[in-house]
Amino acid sequence: EHRVNLGDREMRKLAVRIGRSWVSIRRGASAVAVRDYLFGTGDDALDQGQMDTLDLLAQRPAWRMSELAEALRVDPSSATRAVQRLVAVGLADRTTSTDDGRVVMVAITPAGTERYDAVNARRGVLMAHMLAAFSAEERPVLADMLERFIAAVDDFVESVDHPAGAD
């Protein structure tokens, strides 16, 4: 574990740069354009939660709603809302489990698979363009750093007792 002192001027400048980059990734003008490119615009657009759900549905024939929520790392009601939106536009189907009538199963439809494949193709174009900005030697380092960054965020979230303002 490496200690970080944000009182150190240079370390603080680095933290601010990283923070600004994170905000730009999440909310910058480019982020909106990328989201529109990947997921569409207007009535046909998917939101990130719907696409995350579609990504998982494409991985296997059917999911229990509880397993889907866990895999998405969201509460069951959030997973239900995402699935309802996908069902409403014909990208997913909800059925009752043949083994247990109390269990709701969710599966991708052929239209959902078609949409998933189209988004995945656009993701490939985007990823190839972004990775071209890095040398062959830098790419695995970037992947390692991003994985460590995400793990650090996850570790922080697990260590926090409660969200801000929930006193």
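User: Which residue in strand 3 stands opposite Trp63?
Analyst: This is a predicted model, where local features need pLDDT of at least 70, side-chain atom pairs count only at pLDDT 80 or more, and totals for chains, interfaces and linings use all residues. Residues are numbered from 1 along each chain as its sequence is written, and side-chain values use heavy atoms, with hydrogens and water left out. Strands (E, at least two residues) and helices (H or I, at least four) are DSSP runs numbered from the N terminus. Opposite Trp63, in strand 3, stands Val106.

User: How many bridges join strand 2 to strand 3?
Analyst: Two strands pair if DSSP finds at least two bridges between them. Strand 2 (residues 92-96) runs antiparallel to strand 3. Asp93 stands opposite Ala107 there. The bridges number 5.

User: Is strand 3 largely enclosed or open, and why?
Analyst: Buried means under 20% relative accessible area, exposed over 50%, partly exposed in between (1.4 Å probe, protein chains only). In strand 3 (residues 104-108), 4 of the 5 residues are buried, so the rest of the structure leaves this strand largely enclosed.

User: Which helix gives the most to the nonpolar patch?
Analyst: Leu14, Ile18, Trp22, Phe149 and Ile150 form this surface patch. Helix 1 (9-27) and helix 7 (138-159) each give two or more residues. With 3 residues, the top contributor is helix 1.

User: Does Phe149 count as buried, partly exposed or exposed?
Analyst: Phe149 lies in helix 7. Its relative accessibility is 34%, so Phe149 counts as partly exposed.

Methods:
Patch = residues over 30% accessible without salt bridge, like charges linked within 9 Å, V, L, I, M, F, W, Y side chains within 5 Å. Areas by Shrake-Rupley, 256 points an atom, 1.4 Å probe, with all protein chains shown as cover. Salt bridge = Lys/Arg side-chain N within 4 Å of Asp/Glu carboxyl O.
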